[in-house]
Amino acid sequence: MRFIIGLVLMCSAIFLIVSFVSYMFTYEEDGPSFLAIRNAQDFDYKDIHNTGGILGLKAVDFFMWKGFGFPAIFIPIFMVLLALKLMKTHIFKITPQFI
């Protein structure tokens, strides 16, 4: 059970990392899409240039715009470390004080 939870957490973290990094390169093109999502307006999904699609754009909006800003990139990194701990993968040692 811990392995499955860790695997789901790992997949979510990878998706967030890809969406955050994609946002760093496509933020100018995705600007109008951000405004359309926030105002609940209709927009063409072809206008979204984020690799994560609409879900990735909403995640970036939540974490980077409404939440923590650029340091939000550390949240999925922490999720990867937690997933490795849950899956009992011992690539490197995580001290008990960290988690």
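**Four helices and an aromatic cluster**

The accessible surface of the protein comes to about 6,700 Å², and 69% of that area belongs to carbon and sulfur atoms. The model discussed here is a predicted one. Of the protein's 99 residues, 35% count as buried. The protein has four helices and zero strands, and read from the N terminus its elements follow the order α-α-α-α. Contacts across the chain can be sorted by how far apart the partners sit in sequence. Among contacts with a separation of 6 or more, 59% join residues that are 24 or more positions apart.

A good place to begin the tour is helix α1, which covers residues 2-26. This helix contains 25 residues and reaches 36 Å from its first C-alpha to its last, close to the 36 Å expected at 1.5 Å a residue. Its buried residues are G6, L9, M10, A13, L16, S19, F20, S22, Y23 and T26. The spacing in such a list can be read with the geometry of a helix in mind. An α-helix has 3.6 residues a turn, so residues three or four places apart point the same way.

One residue of α1, S19, offers a helpful close-up. With a relative accessibility of 0%, S19 counts as buried because the cut-off for that label is under 20%. Setting aside residues up to four places away in sequence, S19 touches N50, G52, G56 and V60. Two of these partners, G56 and V60, are themselves among the buried residues of α3.

Helix α3 is the next stop. Its 13 residues should span 18 Å at 1.5 Å a residue, and its end C-alpha atoms lie 17 Å apart, which agrees. The buried residues in α3 are G56, L57, A59, V60, D61, F63 and M64.

Several of the residues met so far come together in the interior. The largest nonpolar core holds 16 residues, and within it L16, F20 and M64 touch the most other members. The elements that give two or more residues to this core are α1, α3 (53-65) and α4 (74-86). Helix α1 gives the most to this core, with six residues. The surroundings of M64 can also be listed in full: leaving aside neighbours within four places in sequence, M64 is in contact with F20, Y23, M24, A59, G69, F70 and A72. Of these partners, F20 and Y23 are on the list of buried residues in α1.

Aromatic rings add a further detail to the picture. The count of aromatic pairs comes to two. In one of them, F20 and F63 meet edge-to-face, at 6.0 Å centre to centre and with 70° between the planes. This pair links distant parts of the chain, since F20 belongs to helix α1 and F63 to helix α3, 43 residues apart. F20 has 0% relative accessibility and therefore counts as buried. F63, at 18% relative accessibility, also counts as buried. The rings of F62 and F63 have centres 5.1 Å apart and planes at 80°, so this pair is edge-to-face. F62 has a relative accessibility of 53%, so this residue counts as exposed. Taken together, F20, F62 and F63 form one aromatic cluster, in which F20 is buried whereas F62 is exposed.

Methods. Residues numbered from 1 in each chain as written. Predicted model: local features only at pLDDT ≥ 70, side-chain atom pairs only at ≥ 80, totals over all residues. Heavy atoms only, no water. Buried < 20%, exposed > 50% of the residue type's maximum accessible area, 1.4 Å probe, protein only. Contact = heavy atoms within 4.5 Å. Areas by Shrake-Rupley, 256 points an atom, 1.4 Å probe, with all protein chains shown as cover. Expected span 1.5 Å × (residues − 1). Core = buried A, V, L, I, M, F, W, Y, C linked by side-chain atoms within 4.5 Å. Phe/Tyr/Trp six-rings, centres within 6.5 Å; stacked < 30°, edge-to-face > 60°.
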